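Visitor: Could you walk me through this model and its ligand sites?
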Amino acid sequence: MDCLFCKIVDGEIPSTKVYEDEYVYCFKDIAPIAPIHYLIIPKVHITSAADITADNSSIVAHIFEAAAKIAKAEGIENGFRIINNCGDDAGQTVKHLHFHLLAGVKMGWGPESIGKTE
Ligand code: AMP
Ligand code: ZN
């Protein structure tokens, strides 16, 4: 399958590893938008959050467990934000389920941040 993140999991494309276990891989985003910007992905290919079912949803719990571990291990003490972009309107560019872990800066929140103008 021609999937960028599957190739990163397989080591065919280099990445800067932050954390790995049997089910998930975490690496630094190549174009960070915060001082800390990691991507946490399942090792198995799942295209997007829209493909989560009763059969594979345990990976999502595992990803959040990994996020908490990563935050502790990396000394992230003031909080973090986890974002999943699903599909075109949300701006998903890589079609392999991934969660952005952002930290290291006070982040804004509100309608403007998702493009709502009125
Ligand atoms: P999204 O827009 O939610 O699909 O996020 C995809 C993310 O993958 C973006 O933040 C990109 O900067 C990041 N990205 C793309 N290619 C690579 C790569 N080779 N290594 C690390 N991060 C990447
Ligand atoms: Zn994939």
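What follows is a short set of questions and answers on the two sites.

Guide: Happy to help: this is a predicted model, where local features need pLDDT of at least 70, side-chain atom pairs count only at pLDDT 80 or more, and totals for chains, interfaces and linings use all residues. Residues are numbered from 1 along each chain as its sequence is written, chains are lettered from A and ligands numbered from 1 in the order in which they are written, and side-chain values use heavy atoms, without hydrogens and water.

Visitor: What is the geometry of the site of the zinc ion (ligand 2)?
Guide: Donors are N, O and S atoms within 2.8 Å of the metal (3.2 Å for Na, K and Ca). Here they are Cys3 (SG), Cys6 (SG), His45 (ND1) and His96 (ND1), at 2.1 to 2.3 Å. Four donors count as tetrahedral if all angles lie between 85 and 135 degrees. With angles of 106 to 116° among the four donor atoms, the site is tetrahedral.

Visitor: Is histidine 96 buried or exposed?
Guide: Buried means under 20% relative accessible area, exposed over 50%, and partly exposed in between (1.4 Å probe, protein chains only). Histidine 45, at 28%, is partly exposed. Histidine 96 has a relative accessible area of 0%, so this residue is buried.

Visitor: Which residue has a polar side-chain atom 2.5 Å from an oxygen atom of ligand 1?
Guide: A backbone N or O atom of threonine 93 lies 2.7 Å from a ligand 1 oxygen, and a side-chain N or O atom of histidine 100 is 2.8 Å from an oxygen of ligand 1. The 2.5 Å distance belongs to the side chain of aspartate 29.

Terms used:
Tetrahedral: all angles 85-135°; square planar, octahedral: opposite > 155°, others 65-115°. Polar contact = N/O pair within 3.5 Å; in protein donor to acceptor, adjacent residues only side chain to side chain.
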